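Here is a short report on a chain contact, a helix pair and two backbone outliers. Please view the model alongside the text.

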Amino acid sequence: MEYVNLILSALSQGMLYAPMAMGVFIAFKILNTPDLTIDGSLVFGMTVCAVVTIASHPILALFAGTLAGAAAGFVTGFLQTKLRINAILAGILTMTGLYTVNYMVLGGQSNLYLQTAETNESGAEVFVSSSTIYKMFSDLLPGLETNAVVLLLTALIVAAVCALLCVFFKTRPGMAIRATGDNEEMVRSSSINADASRILGIVLANGLVALSGSLLCQQQRYADLNNGSGMLVVGLASVIIGQVLFGRRGVTLGVISAVAGSAAYRLILQFAYKIDMPSYAVKLLSAVIVALALTLPLARQKLAIHKARTAARKGEQA
Amino acid sequence: MNAQLTITHLTKKFDPGTPNEKHALHDFSLEVAKGDFITILGSNGAGKSTLFNAILGKFLPDAGSILLDGEDITYEKDYKRALNIGCLYQNPLRGTAPNMTIEENLALAYTRKSTHHFFAVNKKDSAYFRELLATLDLGLEDRMKTKMGLLSGGQRQAAALLMATIARPKLLLLDEHTAALDPATAQKVLEVTRQIIADRGLTALMITHDMDQALRFGNRTIMMDSGKLLLDISGAERGAMTPEKLVDLFVRQAKQTLSDRTRLSI
């Protein structure tokens with residue numbers, strides 16, 4: 001039972017971060033451009049979602065959070081294409097600026113809980129927690145465990161987003177984004193505005209990342225400015241693990257593998273915690289996973305060359 | 001008006017006011033009739049590719065105008081012109097997206113003009129692509145799901161040629177598009193080029209360094225030097241021309257050796 005719970009919780013974390021992994025996949029694999037906005041847009045989605053959840057409706061808040069991230073992506077895309085700023089720097093600029101914006105959205109504090117202060121009948125001030133999509137969903141399905149509710153609802157959302165994304169990449173604008181990452185000149189020659197395609201791709205990527213931020217915000221019931229740091233590496237680790245699991249094939253499988261990679265990444269973490277890894281070690285572990293995975297092809301190549309050389313030497317001696 | 005492309009007094013200076021100043025196009029004018037297939041000769045740096053880039057909108061000229069089918073495109077954005085201009089470069093890698101399939105590449109090039117279906121790759125269009133690929137006679141029609149990057153240079157260039165012409169452009173620009181291919185493949189691609197231009201009645205400009213090729217293909221030959229039009233022959237005059245005479249004429253008119261290359265080979 002303990003393991004079931006562990007796996008449930010790992011999978012639900014995996015699903016919460018799955019949109020972010022899809023976003024990273026779009027930026028790094030499809031557009032072939034490093035986008036460092038991600039750390040900032042995740043938090044932007046979170047803060048906007050928190051404020052809107054408190055002020056109005058949780059479902060509206062999800063859309064608001066996602067749109068906020070998309071807007072951040074637009075800024076990065078604009079800097080990259082129209083102002084010709086180096087892609088990495090453009091992302092860093094937006095991310096840095098977003099820190100201030102996020103601080104302002106939270107009303108000048110570094111975190112915000114999803115609750116409102118109300119006065120009860122006896123005149124005392126009490127905190128009433130705001131409604132979230134998870135609360136609404138568990139009201140619909142009473143008797144289900146919290147972890148199961150989170151997993152089920154998030155998985156449904158992720159499945160829908162994933163399906164929409166796969167379909168989108170088969171349409172002309174979607175295909176134009178893929179081609180822009182592959183050969184921008186060919187896109188222009190096909191009479192497509194490559195700058196617009198690139199901006200749309202970055203908008204999409206950051207919107208997805210912010211969706212993760214929004215979902216997280218409602219699941220953990222607070223928004224925190226520090227939640228974004230290192231998220232890019234987490235997303236990359238998920239994408240790379242997904243690629244190891246599924247191989248490098250078409251775009252549909254690529255999007256699905258990002259989701260699977262996110263789940264696998266959380267399972268790995270969960271078991272690392274189980275063998276007493278302290279929680280602060282997460283980021284180092286993620287960085288090591290990404291670095292190792294990126295060196296794997298080179299290591300394989302070197303090994304093959306080494307083998308060929310040893311074989312040749314043996315041949316000479318014989 | 002019967003002109004498909006009218007270039008008037010086109011002028012472009014690169015790095016003006018510096019020691020590297022280069023007059024790439026010098027008051028260049030040219031009128032191309034509908035259905036013309038013009039071969040363009042000229043030494044390196046004569047301004048041939050600059051002319052193409054000006055037509056394609058890779059930069060804006062300092063002066064002059066470019067009219068395509070009566071429409072002034074001098075200051076139009078490059079990707080907008082691409083709706084009606086197909087282009088093929090020497091490097092086969094420039095025209096195709098390597099990580100997308102042949103089918104997807106063709107679909108992207110095709111849908112610039114055709115009616116859009118919900119899915120960019122669909123059965124009806126694919127059947128048409130298959131037919132087109134079959135005309136290349138390279139067996140590509142059975143490999144439509146293959147990634148472009150897996151094809152050889154010649155196959156990729158042939159596919160790029162289809163992509164450049166699939167939307168029936170008003171103008172086709174060929175910038176030494178067979179120079180990087182082996183002789184047999186180059187011959188093949190040239191034949192396909194000639195066939196497509198003839199079948200579709202395209203208006204085309206082709207840059208080449210091969211005098212013989214310049215006379216064998218097309219109906220008109222021009223020669224450029226220092227950004228100016230040096231020679232413009234067609235009809236009987238062109239029919240009587242031989243590659244040797246062409247070199248002679250060029251040397252006489254330019255009052256200098258043909259190119260660095262010929263100078264080296266003497």
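The report covers the interface, then the helix packing, then two loop residues.

This is a predicted model.

**Interface**

Chain B places 24 residues in contact with 18 residues of chain A. On the chain B side, α2 (78-81) and α3 (102-110) each supply at least two residues. α3(B) gives the most to that side, with four residues. By class, the chain B side holds 14 nonpolar, five polar and five charged residues.

**Helix packing**

Two packed helices are described by the angle between their axes and the distance between the axes. In chain B, helix α5 (residues 153-165) packs on helix α6 (residues 183-200) at about 15 degrees, with the axes 10 Å apart. The angle is under 35 degrees, so α5(B) is roughly parallel to α6(B). The crossing of α5(B) and α6(B) is right-handed. From α5(B), the contact uses B:Gly154, B:Gln157, B:Ala158, B:Leu161 and B:Thr165. From α6(B), the contributors include B:Val189, B:Val192 and B:Ile196. This helix contact has five nonpolar, five polar and two charged residues.

**Positive phi**

Two residues other than glycine have positive phi.

| Residue | Phi | C-beta neighbours inside 10 Å |
|---|---|---|
| A:Ser191 | near 60 degrees | 23 |
| B:Glu176 | near 45 degrees | 18 |

Where do they sit? A:Ser191 is in the loop between α8 (184-189) and α9 (194-220) of chain A. B:Glu176 is in the loop between β7 (171-175) and α6 of chain B. Buried or partly exposed? A:Ser191 has 23 neighbours, so A:Ser191 counts as buried. B:Glu176 has 18, so B:Glu176 counts as partly exposed.

Definitions and conventions: Residues are numbered from 1 along each chain as its sequence is written. Chains are lettered from A and ligands numbered from 1 in the order in which they are written. This is a predicted model: local features need pLDDT of at least 70, side-chain atom pairs count only at pLDDT 80 or more; totals for chains, interfaces and linings use all residues. Two residues are in contact if their C-beta atoms, placed from the backbone, lie within 7 Å. Ala, Val, Leu, Ile, Met, Phe, Trp, Tyr, Cys and Pro count as nonpolar, Asp, Glu, Lys and Arg as charged, and the others, Gly among them, as polar. Axes are lines fitted to C-alpha atoms, for helices over the stretch in contact, and angles run from 0 to 180 degrees between N-to-C directions. Angles under 35 degrees count as roughly parallel, over 145 as roughly antiparallel, 65 to 115 as roughly perpendicular and the rest as oblique. A crossing is left-handed if the near helix is turned anticlockwise from the far one by less than a right angle, and right-handed if clockwise. A residue is buried if 20 or more other C-beta atoms lie within 10 Å of its own, exposed if 12 or fewer, and partly exposed in between; C-beta atoms are placed from the backbone.
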